[in-house]
Amino acid sequence: MDKSIVTALSNPHIPCWTNASNQETFYGRELSVRLLRKYAVETGLDTGCDIDLIFPYIRRSSSLLEVGGGYGRVVRKLLEKNYQGEINVVEKSRVSCRELAENFQSNIVLNETDILKFKTEKQFQSVLSMWSGVADFSREEQQAYASLLFSCCAPGGLLILDTANSNKNLPHAISTEKQYYSIVGDGFFFNGYIAEKDEILLNFQKAGFALLDYLEYVTNKSICRRIFVFQK
Ligand SMILES: C[S@@+](CC[C@H](N)C(=O)[O-])C[C@H]1O[C@@H](n2cnc3c(N)ncnc32)[C@H](O)[C@@H]1O
């Protein structure tokens with residue numbers, strides 16, 4: 001096994017990880033889709049309760065960008081709720097893109113790329129970064145992520161961000177130091193950083209967004225989560 005992986009496995013919350021390393025050590029691997037489905041059930045997000053909460057904000061938007069579409073949990077729920085706008089998805093993982101293409105090819109515009117390299121002429125009325133998408137970026141990367149999402153959002157459009165509100169009680173996380181967490185399994189791992197509410201506000205307001213709404217909710221597995229609704 002790669003030496004850096006061995007080092008990280010023995011000390012998984014070392015703060016030198018990046019969004020790109022999470023792709024190498026987890027999202028880009030075949031097992032990621034199966035595990036994401038399992039984690040969704042364990043956290044209660046398989047119900048799409050987060051999408052039920054945000055749907056009133058996005059139902060009338062004619063274009064939507066989901067950042068990091070995963071295995072299609074959000075897309076499936078949007079379609080179930082009869083969302084009428086154009087659904088665009090940016091997803092870096094080849095494995096997730098294959099899953100999205102197999103299940104939703106005729107329903108979405110799929111861009112297999114890194115969001116930080118996403119080039120588009122379009123701006124979207126709704127931009128979604130659900131299920132801790134922001135936490136996949138290290139503390140040092142989160143400002144760049146905020147600025148990139150700002151450039152994707154149409155003037156007056158909304159950015160909706162969902163994260164856990166603490167690294168405590170994450171059912172599959174093994175380390176809970178400060179705001180960092182790590183998920184480690186047989187031959188894979190990834191790291192996350194749960195920014196404080198004020199840190200999220202600072203980064204996203206600095207990027208140009210204004211906070212429109214802030215919601216806290218609890219899933220059916222008793223996991224406390226929060227949603228930020230920003231406007232450009
Ligand atoms: C936790 S999953 C969330 C999936 C989906 N948004 C949901 O709510 O069910 C995060 C997804 O974001 C993708 N992702 C992480 N970093 C990315 C990046 N830089 N560019 C594009 N996709 C990324 C991962 O590959 C993964 O599929």
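Q: What makes a residue of this chain count as buried, and how many do?
A: A residue is buried if 20 or more other C-beta atoms, placed from the backbone, lie within 10 Å of its own; 12 or fewer makes it exposed, and anything in between partly exposed. Of the 232 residues of the chain, 40% count as buried. Bear in mind that this is a predicted model, where local features need pLDDT of at least 70, side-chain atom pairs count only at pLDDT 80 or more, and totals for chains, interfaces and linings use all residues. Residues are numbered from 1 along each chain as its sequence is written.

Q: Why is Val-127 called buried or exposed?
A: Val-127 has 28 other C-beta atoms within 10 Å, and the cut-off is 20 or more, so Val-127 is buried.

Q: Where does Val-127 sit, and what does Val-127 touch?
A: Val-127 belongs to strand S4, residues 124–129; strands (E, at least two residues) and helices (H or I, at least four) are DSSP runs, numbered from the N terminus. Leaving out residues up to four places away in sequence, Val-127 touches Leu-65, Val-67, Leu-149, Cys-152, Cys-153, Gly-157 and Leu-159. Touching here means C-beta atoms, placed from the backbone, within 7 Å. Glu-66 is 61 residues from Val-127 in sequence, yet their C-alpha atoms are 5.9 Å apart.

Q: How do you know which strands of the open sheet are the edge strands?
A: The open sheet has seven strands in the order S3-S2-S1-S4-S5-S9-S8, with mixed pairing. Strand S3 (108–112) and strand S8 (210–218) each pair on one side only, and these are the edge strands. Two strands pair if DSSP finds at least two bridges between them.

Q: What makes S2 and S3 a pair?
A: Strand S2 (residues 86–91) and S3 share five bridges in the parallel sense, and at least two are needed, so the two strands pair. Ile-87 stands opposite Ile-108 in S3.

Q: Why is the chain called as compact as a globular protein of that length?
A: The globule rule is 2.2 Å times the number of residues to the power 0.38, and the radius of gyration is taken over C-alpha atoms. For 232 residues the rule gives 17 Å, and the chain's radius of gyration is close to that at 17 Å, so the chain is as compact as a globular protein of that length. The chain has eight helices and nine strands, and its C-alpha atoms fill a box of roughly 50 × 40 × 35 Å along the principal axes.

Note on methods. Two residues are in contact if their C-beta atoms, placed from the backbone, lie within 7 Å.
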